[in-house]
Amino acid sequence: MTGSTAASFTADDYRARMERAARTAAEAGLAGLLVAPGPDLVWLTGYTPPAVTERLTLLVLAAGQDPVLVVPALEAPDAHKAVGASALALRDWADGKDPYAATAALLDASGRFGISDNAWALHLLALRQAMPGSSYTSLTEALPMLRAVKDAAELELMAAAGAAADATFEEIRNVPFAGRRESEVAADLDRHLRRHGHEQVDFTIVASGPNGANPHHEAGDRVIERGDMVVLDFGGLRNGYGSDTSRTVHVGEPTDEERRVHDLVRTAQEAGFRAVRPGAGCQDVDRAARAVIADAGYGEYFIHRTGHGIGVTTHEPPYMIEGELQPLVPGMCFSVEPGVYLPGRFGVRIEDIVTVTEDGGRRLNTTSRELVIVE
């Protein structure tokens, strides 16, 4: 098993995150942030509710006031155990009481708030009823960079997750492919990721032959044959931070065209990586990779964005896509994953997670990007 390099976040770490979030919200003209259970709550407090229920749990953040976690009374003991609990006040509510009135008492009744993307409509509508003068915007729209820039401890965890995914690829390239179902190879990927420390596996794409032309193909019952290109895309969470890598392998010797398309995608991926530097726009990464593929006449077959952010979730803002002007900042982590997808024939995708450094970028995946031949 790959050795763990997990950093232990402290109450002070969570306090600093909550203070920064509240300050950033105020700078964005918001009266505060309302954070529901999910990745934002975990990142800000270290608290994961024991179950998803209809009972309201909500972190209230506003500049100039202490953070408050509104939590059901029956879950308060678990909330008290969270590492970040000492950095906030807990306001519990019992069944039969009105949690929305209790939450409204903490808020500016006419304020505009950022609220978690995954907050239940049930809760948002009830808050609006309790505060008719209030208004809301999604947290991602209001503060897209909230979790985007990782500190040194987070980067250490990201690098460890990337190394675990790399170790998984080095093992999977040596398993038999021909004559096995895609789902069997996907199960191998899942097992290796977990053996190398992943507590959560989010996806194990194994797309063989014509299935490779579908970027989000679900591994199925197709039997992999000699002569197939096979797109492998896999990742998840290790110690709470994400991995995501793609490599395309070939079962037996490839044709000249297959080699040519793979080399094209590899060149495009390198161009996208070379475009990473502080101050460049996210769209510059997309443009650099896309230009290589378009200039070779395959532009219509590159059908998705070049990359997505990654951190405590495997897909999050910002996105490497045309029109995204957000400048790159040291500490940001995202994928660079161009692809070419030829309908009914095959696909190729090559993906690394990259972090922005003071003078460029650093790959967090280092396995070979050459076309690997498997049996």
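Biologist: How do you know that strand 1 and strand 2 pair?

Modeller: Three bridges join strand 1 and strand 2 in the antiparallel sense. Strands pair if DSSP finds at least two bridges between them, so strand 1 and strand 2 qualify. One facing couple is Leu-33 and Leu-61, the latter in strand 2. The strands themselves are DSSP runs (E, at least two residues), as helices are (H or I, at least four), and both are numbered from the N terminus.

Biologist: What is the status of the model and of its numbering?

Modeller: The model is predicted: local features need pLDDT of at least 70 and side-chain atom pairs pLDDT 80 or more, while totals for chains, interfaces and linings use all residues. Residues are numbered from 1 along each chain as its sequence is written, and side-chain values use heavy atoms, with hydrogens and water left out.

Biologist: Why is the pairing in the sheet called mixed?

Modeller: The six strands stand in the order 4-3-2-1-5-6, in an open sheet with mixed pairing. Strand 4 (89-93) and strand 6 (135-138) are at the edges with a single partner strand each, so one side of each has no neighbour in the sheet. From one strand to the next the twist averages 25 degrees. As for the two senses, strand 1 (residues 32-35) runs parallel to strand 5 (residues 112-115), with three bridges, one of which sets Gly-32 against Phe-113. Strand 2 and strand 3 (residues 68-72), by contrast, are antiparallel, also over three bridges, and Leu-59 has Leu-69 as its bridge partner in strand 3.

Biologist: What makes the faces of strand 2 covered?

Modeller: Leu-58 and Val-60 on one side are buried, as are Leu-59 and Leu-61 on the other. Buried here means under 20% relative accessible area, with exposed over 50% and partly exposed in between (1.4 Å probe, protein chains only). In general, side chains of a regular strand alternate between the two faces of the sheet.

Biologist: Which strands does helix 1 lie across, and which does helix 5?

Modeller: Helix 1 (residues 11-27) lies across strand 1 and strand 2 (58-61), at about 65 degrees to strand 2. Helix 5 (residues 121-130) lies across strand 1, strand 2, strand 5 and strand 6, at about 155 degrees to strand 6. The angles run from 0 to 180 degrees between N-to-C directions of lines fitted to C-alpha atoms, for helices over the stretch in contact, where contact means heavy atoms within 4.5 Å.

Biologist: Why is Thr-45 called buried?

Modeller: The relative accessible area of Thr-45 is 1%, which is under the 20% limit, so the residue counts as buried. Thr-45 lies in helix 2 (residues 39-45). Beyond its neighbours within four places in sequence, its contacts include Tyr-14, Met-18, Leu-59 and Ala-82. Ala-82 is 37 residues away in sequence, with 7.2 Å from C-alpha to C-alpha.

Biologist: Is Asn-239 buried, partly exposed or exposed?

Modeller: At 32% relative accessible area, Asn-239 falls between the limits of 20% and 50%, so it is partly exposed. It sits in the loop between strand 8 (229-238) and strand 9 (241-251). Its phi is positive, near 50 degrees, although Asn-239 is not a glycine. In general, most residues other than glycine have a negative phi.

Biologist: What makes the space lined by Thr-45 and Tyr-47 a cavity?

Modeller: A cavity is a set of points on a 1 Å grid over the protein atoms alone where a 1.4 Å probe fits but cannot get out; a pocket is an open set with protein on both sides within 12 Å along at least five of seven lines, and lining residues have an atom within 4 Å of a point. The structure has one cavity of 30 Å³ or more, and the largest holds about 30 Å³. Its lining includes Thr-45, Tyr-47, Leu-69 and Ala-82.

Biologist: Which residues lie nearest the centre of the largest pocket?

Modeller: Of the 19 lining residues, Ala-36, Pro-37, Gly-38, Val-52 and Trp-120 lie nearest its centre.

Conventions. Points joined across faces, edges and corners; volume = space filled by probe spheres on them.
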